[in-house]
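Reader: I am new to this structure and should be grateful for a close look at a single part of it. Would you kindly choose one helix and explain how it is placed among its surroundings?

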Amino acid sequence: MRVLGVDPGLTRCGIGVVEGVAGRPLTMVGVGVVRTPADAELSHRLLAVEQGIEQWLDEHRPEFVAVERVFSQHNVRTVMGTAQASAVAMLCAARRGIPVALHTPSEVKAAITGSGRADKAQVGAMVTRLLRLAAPPRPADAADALALAICHIWRGPAQNRLQQAAARHTAHATKGRTA
């Protein structure tokens, strides 16, 4: 399974591609950051994020895209930019028919480190260890993107089975009501 992880942001949008399956050693295929100038017009920044993600999708051809689920912070401005970059990533994937999974920051931290309250240094250290890298990817947004991809490889298949089971249950329940 090849997963493109996206740590959304307007100034720095972390991108990481990981390949492998749960229970086996994983391989980092690529990692980087799409950057936009803070003083640029919002529409141009979103366009730059879209172009950067499209380049990664063209080059690495992932089977899944894992995006960090935006959560409410105290700074509404930061949340808005993160949500907009997140929407761009989902749109790019949807345009190509690539399934998108959203993972919360605490879910990713728990999957990677064993603690949903891990700090960025702990996440970076575990990503380095899990992918057998010489040093943690910099900036932290890049390491977070790899962590998202790893989390999806480990948790995605189980989530897909749960969603399919729920869909079958709903279809069966709906069918029973109409009969």
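Author: **Helix α2 and its surroundings**

Helix α2 comprises the 20 residues 76-95; at 1.5 Å a residue they should span 28 Å, and because the C-alpha atoms at its ends lie 28 Å apart, expectation and model agree. The model discussed here is a predicted one.

Which residues of α2 are buried? They are Val79, Gly81, Thr82, Ala85, Ser86, Val88, Ala89, Cys92 and Ala93. The elements that cover these buried residues include the strands β1 (2-7), β4 (64-68) and β5 (100-103), together with the helix α1 (42-60). After α2 comes Gly97, which has a positive phi, near 75 degrees.

The strands just named belong to a sheet, which deserves a description of its own. The sheet is open and has five strands in the order β3-β2-β1-β4-β5, and its pairing is mixed. Because β3 (27-35) and β5 stand at the edges with a single partner strand each, one side of each has no neighbour in the sheet. From one strand to the next, the twist averages 20 degrees.

The pairing of β4 with β5 bears on the surroundings of α2. These two strands run parallel and are joined by four bridges. Val67 has Leu102, in β5, as its bridge partner.

Two helices may now be set against this sheet. Helix α1 packs on the sheet and touches β1, β2 (12-19), β3 and β4, its direction making about 160 degrees with that of β3. Helix α2 also packs on the sheet; it touches β1, β4 and β5, and its direction makes about 170 degrees with that of β4.

For comparison, helix α4 may be considered in a similar way. Within α4 (residues 120-130), the buried residues are Val123, Gly124, Val127 and Thr128. Seen down the axis of α4, these buried residues fall within an arc of 135 degrees, and they therefore line one face of the helix. The exposed residues Ala121 and Arg129 are carried on the face of α4 that is turned away from its buried side. At the start of α4, Asp119 has a side-chain oxygen that reaches to within 3.1 Å of the backbone nitrogen of Ala121. Arg132 follows α4 and has a positive phi, near 55 degrees.

To return to the part chosen, α2 packs on the sheet through contacts with β1, β4 and β5, and α1 is among the elements that cover its buried residues.

Methods. Residues numbered from 1 in each chain as written. Predicted model: local features only at pLDDT ≥ 70, side-chain atom pairs only at ≥ 80, totals over all residues. Heavy atoms only, no water. Expected span 1.5 Å × (residues − 1). Buried < 20%, exposed > 50% of the residue type's maximum accessible area, 1.4 Å probe, protein only. Contact = heavy atoms within 4.5 Å. Pairing = 2+ DSSP bridges. Axes fitted to C-alpha atoms, helices over the stretch in contact; angles between N-to-C directions. Arc of directions from axis to C-beta. Polar contact = N/O pair within 3.5 Å; in protein donor to acceptor, adjacent residues only side chain to side chain.
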